Amino acid sequence: MNAGKGRVFFAVLCALAVVSAASAGGSTTPGVTSNQILIGGTTPLSGLASAYASVAKGADAYFKYVNAHGGVFGRSIKYKYVDDGYDPSQTIQQTRDLVQNDKIFADFNTLGTATNLAIRSYLNELKVPQLFVASGASTWGKDYKKYPWTIGYQPSYAAEGAIYGRYIVKTRPKARIGVLYQNDDYGKELLGGLERGLGKKTKLIVSKQGYDATDQNVKSQIARLKSKKVNTLMVFATPTFAIQSYSYARQLGWRPFVFVNAVSSAANILSVASIASSKQQTEGSISIVYLKDPTDPRWERDRGVILFRSILKKYNGGKGLTDVYNVYGMSAAFTLVDALKHSGKNPTRASVMRAVTHLNERNNPFVLPGISVRTTPSDHFPVAQAKLERYHNGRWVYFGSLVGVG
């Protein structure tokens, strides 16, 4: 065989190999093989925000359950989550490694506002889906044109803050409001939402005290809020600092009426806060809820909570049965599986983005009844409804009708 004919023969063999691989279910899409879809993300497995580790662990357990039941079109889902310590610089390094070395299909469930902002441009430039960001920053929705490969999941912080503001105007018109907030986009958005909800009553806010995510405690901030004779305390903080807020207030003999943001209002966190302060200190606290609380007796026989418990028992050693953050992780994982099913038998990054921007879930077993997980190409907040809840006798009790938090 001469050289010219040899080159032609080799080219034909290569073409046939490509066709054969495609027909066998192979894919040239990063992270997708004939039997697996690899996704990845970062989460704080260590540090002051490590309480959120359950978000990733709950999702991972759900994927293992799905894999045991055939996966998605015969492909198993492998979820690689790594520790970033809630440090954006670590998030950047770890995400680059996941994309460039592990070749993940998509970044999924990375937790935190500052952490996700740190990697958004990078992921969008490479057209790597940044799916179901575990943060309620409004930018995930309003900046979708600039960052089309990014989509949120949980309710908007700004809308959550506005709900609290409207509730205060209606029920506590003479409140003296003090705000403890994380001094970044996360805390500032909740504060901005509160001010919007208060409307003409913003003067009810008599003190605003910020803290940095790297601080060790908020003792001085709580003392300053008390000194301003605050009687209505807004805790816009992550779990460690939320628990400290109750504890330091107790030490000062101060018992304000507390609103605690949803990211720190899980029943297990409030239980720790009660132990760190007292049952009286946490009694009557207000928050919002959109997930089923596994500690709530009303869900004892609910199919979603029964499924939640069975999955954790089999795939997470029975750990986290009372942890709502595990419920959150499973809810996001359920929605990702739904999206993958609508992405086609051979998903691409583009097809999964089409799927996540056309969600219409009415069967997510982990959210409250009546809540739909929905998106459109211009609405990138899948969960946009919630209820108010009150902490009473050691557990949360929701009240009122569903309200919009998109």
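In which helix does T139 lie? The legends below, which describe close-up views of a predicted model, begin with this residue.

**View 1. Surroundings of T139 in helix 5.** T139 belongs to helix 5, which spans residues 139-142. The residue counts as buried because its relative accessible area is 10%, under the 20% limit used for burial. Its side chain forms a polar contact of 2.8 Å with the side chain of R120. When residues up to four places away in sequence are not counted, T139 touches L117, R120 and E189; R120 is thus named both in the polar contact and among the residues touched.

**View 2. The open sheet of five strands.** The strands of this sheet follow the order 2-1-3-4-5, and their pairing is parallel. Strand 2 (76-83) and strand 5 (150-152) form the edges; each has a single partner strand, so one side of each lacks a neighbour in the sheet. From one strand to the next, the twist averages 25°.

**View 3. Pairing of strands 3 and 4, with the helices that pack on the sheet.** Strand 3 (residues 106-108) is joined to strand 4 (residues 130-133) by two bridges in the parallel sense. Opposite F108 stands L131 of strand 4. Helix 3 (residues 88-100) lies across strand 1 (36-43), strand 2 and strand 3, and runs at about 170° to strand 1. Helix 14 (residues 349-356) also packs on the sheet, where it touches strand 4 and strand 5. The direction of helix 14 makes about 30° with that of strand 4.

**View 4. The crossing of helices 9 and 10.** Two packed helices are described by the angle between their axes and the distance between the axes. For helix 9 (residues 239-251) and helix 10 (residues 267-276), the axes come within 8 Å and cross at roughly 35°. The crossing is right-handed. Helix 9 contributes P239, I243, Y246 and S247 to the contact, while helix 10 contributes I269, L270, V272, A273 and A276. Of these contact residues, eight are nonpolar, one is polar and none is charged.

**View 5. Buried residues of helix 10 and their cover.** In helix 10, the buried residues are A267, N268, I269, L270, A273 and S274. The elements covering them include helix 9, helix 11 (279-282) and helix 13 (324-341). Strand 13 (385-392) and strand 14 (395-404) are also among the covering elements.

**View 6. T282 in helix 11.** T282 is located in helix 11. Its relative accessibility is 1%, and the residue therefore counts as buried. The side chain of T282 reaches the backbone oxygen of K279 at 3.3 Å. Beyond residues up to four places away in sequence, T282 touches Y246, L270, A273, S274, S277 and Y391. Among these, L270, A273 and S274 also appear in the list of buried residues of helix 10, and Y246 takes part in the contact of helix 9 with helix 10.

**View 7. L368 in the loop between strands 11 and 12.** The loop that holds L368 lies between strand 11 (360-361) and strand 12 (373-374). L368 counts as buried because its relative accessibility is 3%. With neighbours within four places in sequence left aside, L368 is in contact with V289, Y290, L291, K292, W299, K387 and Y398. L368 and Q216 are 152 residues apart in sequence, and their C-alpha atoms are 35 Å apart in space.

Terms used: Residues are numbered from 1 along each chain as its sequence is written. This is a predicted model: local features need pLDDT of at least 70, side-chain atom pairs count only at pLDDT 80 or more; totals for chains, interfaces and linings use all residues. Side-chain values use heavy atoms; hydrogens and water are left out. Axes are lines fitted to C-alpha atoms, for helices over the stretch in contact, and angles run from 0 to 180 degrees between N-to-C directions. Helices (H or I, at least four residues) and strands (E, at least two) are DSSP runs, numbered from the N terminus. A crossing is left-handed if the near helix is turned anticlockwise from the far one by less than a right angle, and right-handed if clockwise. Contact means heavy atoms within 4.5 Å. Ala, Val, Leu, Ile, Met, Phe, Trp, Tyr, Cys and Pro count as nonpolar, Asp, Glu, Lys and Arg as charged, and the others, Gly among them, as polar. Buried means under 20% relative accessible area, exposed over 50%, partly exposed in between (1.4 Å probe, protein chains only). A polar contact is a pair of N or O atoms within 3.5 Å; within protein, one must be able to donate a hydrogen and the other to accept it, and residues adjacent in sequence count only if both atoms are side-chain atoms. Two strands pair if DSSP finds at least two bridges between them.
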